[in-house]
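Biologist: I'd like a close look at a single part of this model, please. Could you take me through the sheet and what surrounds it?

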Amino acid sequence: GMVEIAVADTGQGIWSSLKRFAGLADSLQGDANAILTALTLKVKSADNVVRLGFLNTLMATARKTGGELVCMSGEAALTMRGGEMRNTKVAYYPGTIVGLRLRLLSNGPGATLNSEVE
């Protein structure tokens, strides 16, 4: 009744990545704040259309489906479970790890993911 997805990136982490942008560099206050920013960030595409970022889309999908999301980067982990978000200090990890758990629809044979995002 569930699908779980986990992705690990051994790069520079969210805080270091977001500090590259002049508009964000001064406002970020640590790994936890950087993760929260990435999970709510809207970005511009090449044609200047503003859209949800990838992590923002995952968060919206988890909320919509009653799923769970964990994002860890640097010394922080943010967990969204039951619509509630919590920050935790963790052992330092230089990259980013994202875990997502989504509920499957229970409409009988051939059930599909309930991953529609408005």
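Modeller: Happy to, and let me begin at the surface: in this predicted model, the chain exposes about 7300 Å², and carbon and sulfur atoms supply 54% of that area. Buried residues account for 33% of the 118 residues in the chain.

Now to the elements themselves. The chain holds four helices and five strands, and reading from the N terminus they follow the order β-α-α-α-β-β-α-β-β. The sheet you asked about is open and built from three strands, in the order S1-S5-S4, with antiparallel pairing. Its edges are strand S1 (2-9) and strand S4 (68-81), each of which pairs on one side only. From one strand to the next, the twist averages 15°. As a general reminder, strands of a sheet pair through backbone hydrogen bonds, in either a parallel or an antiparallel way.

Follow S4 into its partner, strand S5 (residues 84-103): these two pair in the antiparallel sense over 13 bridges. One spot to find on your screen is Arg81, whose bridge partner in S5 is Glu84.

Two helices also belong in this picture. Helix H3 (residues 31-40) packs on the sheet, where it touches S4 and S5, and its direction makes about 45° with that of S4. Helix H4 (residues 54-65) lies across S4 and S5 too, running at about 45° to S5.

Finally, a word on contacts across the whole chain: of those between residues at least 6 apart in sequence, 48% join residues at least 24 apart.

Terms used:
Residues are numbered from 1 along each chain as its sequence is written. This is a predicted model: local features need pLDDT of at least 70, side-chain atom pairs count only at pLDDT 80 or more; totals for chains, interfaces and linings use all residues. Side-chain values use heavy atoms; hydrogens and water are left out. Buried means under 20% relative accessible area, exposed over 50%, partly exposed in between (1.4 Å probe, protein chains only). Contact means heavy atoms within 4.5 Å. Accessible areas come from the Shrake-Rupley method with a 1.4 Å probe; for residues, only the protein chains shown count as cover. Two strands pair if DSSP finds at least two bridges between them. Axes are lines fitted to C-alpha atoms, for helices over the stretch in contact, and angles run from 0 to 180 degrees between N-to-C directions.
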